[in-house]
Amino acid sequence: MAPKLAYLGLGNMGQAMCKNLVQKGNLSSPLVLYNRTAKRANELSDRVGNCIVSSSITNAVADADIIFSCLTDDNAVLETFTEILKHDVKGKLFVSCSTTQPETSDKLASLVEAQDAGLVTMPVFGEPSMAEKGLLTCVPAGRADLVVKVLPYCTGVIGRAVIDFSDQPHSKASLLKVIGNVFIINMIETVAEGLVLAEKAELGKENLHKFIEVIFPGPHALYSKRMITGDYYTRDEPAVAIDMARHLAEEVSGLASASGAKLPAYEVARKHLDMVKDYAGAKGDVSGIYGALRLLGGLAFENQN
Ligand SMILES: NC(=O)c1ccc[n+]([C@@H]2O[C@H](COP(=O)([O-])OP(=O)(O)OC[C@H]3O[C@@H](n4cnc5c(N)ncnc54)[C@H](OP(=O)(O)O)[C@@H]3O)[C@@H](O)[C@H]2O)c1
């Protein structure tokens, strides 16, 4: 019989993944939803259909065989699993899509396995608009016989590709996610620096955007668009919250100093994340690095005035 699925944590990423699971996951029964703030679960269920909103996390887990989760950070993950693991979870498979520190992923695996359940750690690459389109890159790690049960929900459903770490420690997937952040933040910094230079040197940001679209399609073009359209400061809710970005950046820098690596370019970009927080507060978005560079170049943070 096809497994029953539940999803815990319906923030920007969780909601998008749920939509794709419902629409493309070939589910045999409604997707069970749980979110700490119930309103989000009810709204998502109304929007996508074929869901059941659970009133408690315990019921959501009890009603499913495979339980996906996507929560803010390590504390949220450990708090949530402490609650879940108070109850019988024997034989269940948990799929943790949250970004967690490598050691937290291994700790979580031990806690789950001690209860005769399984864990696949599966951080994802791609921001919410990519998640919405089902274009995430999934990095599953854990026992191969468990990963294989998760793969049907990856490529073509929530994602466009899998970097398969089957039979590797859970921490390896999280480590890749942390190191991947160096590429993402440095890419955002590069795009933002180029756009500011294009404006100051009178090439025009639209002309540079054309170049980026042709030569660097993918993330560079996506972020360039978010910058030139003003999306980096006009959204009601940030696409990638500055607090989350700074928290992850701190972990990256911690990993670098613990392992003896130097990340000079990344540390420069980190300072610009701090400027975004100072300027925009908690509503700041990671692509606000562009606004920070505009300020440094004597322009207004906002580009649409
Ligand atoms: N945004 C991105 O671009 C992106 C890309 C790749 C990976 N990720 C990773 O995906 C994860 C989620 O990101 P997101 O953008 O979806 O974040 P988000 O929109 O802020 O959503 C966070 C979710 O976690 C829940 N939560 C937070 N603390 C909790 C707690 N103590 N107990 C129970 N639930 C709690 C929130 O519930 P409430 O609704 O009740 O607050 C919400 O459902 C993070 O680990 C992030 O690093 C994000």
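This passage describes the surroundings of the ligand and a nonpolar surface patch in a predicted model.

The shell around the ligand comprises 25 residues, of which Asn 12, Asn 35, Thr 37, Arg 40 and Thr 99 come nearest. When these 25 residues are sorted by class, the shell contains ten nonpolar, ten polar and five charged residues.

Polar contacts to oxygen atoms of the ligand involve both backbone and side-chain atoms of the protein. A polar backbone atom of Leu 10 lies 3.0 Å from an oxygen atom of the ligand, while an N or O atom in the side chain of Arg 36 is found 2.9 Å from a ligand oxygen. For Thr 37, which is also listed among the residues that come nearest to the ligand, the distance between an N or O atom of the side chain and an oxygen atom of the ligand is 2.5 Å. The ligand taken alone exposes 900 Å², and 85% of that area is buried by the protein. The elements that contribute two or more residues to the shell around the ligand are helix H1, spanning residues 12–24, and helix H4, spanning residues 74–84; H4 supplies the largest share, with three residues.

Turning to the protein surface, Phe 211, Val 214, Ile 215 and Phe 216 make a nonpolar patch of about 390 Å². Within this group, Phe 211 is placed in helix H9, which covers residues 205–215. Phe 211 counts as partly exposed because its relative accessibility is 42%, a value that falls between the limits of 20% for buried and 50% for exposed residues.

Terms used:
Residues numbered from 1 in each chain as written. Predicted model: local features only at pLDDT ≥ 70, side-chain atom pairs only at ≥ 80, totals over all residues. Heavy atoms only, no water. Patch = residues over 30% accessible without salt bridge, like charges linked within 9 Å, V, L, I, M, F, W, Y side chains within 5 Å. Areas by Shrake-Rupley, 256 points an atom, 1.4 Å probe, with all protein chains shown as cover. Salt bridge = Lys/Arg side-chain N within 4 Å of Asp/Glu carboxyl O. Helix = DSSP H or I, 4+ residues; strand = E, 2+ residues; numbered from the N terminus. Buried < 20%, exposed > 50% of the residue type's maximum accessible area, 1.4 Å probe, protein only. Near = heavy atom within 4 Å. Polar contact = N/O pair within 3.5 Å; in protein donor to acceptor, adjacent residues only side chain to side chain. Nonpolar A, V, L, I, M, F, W, Y, C, P; charged D, E, K, R; others polar.
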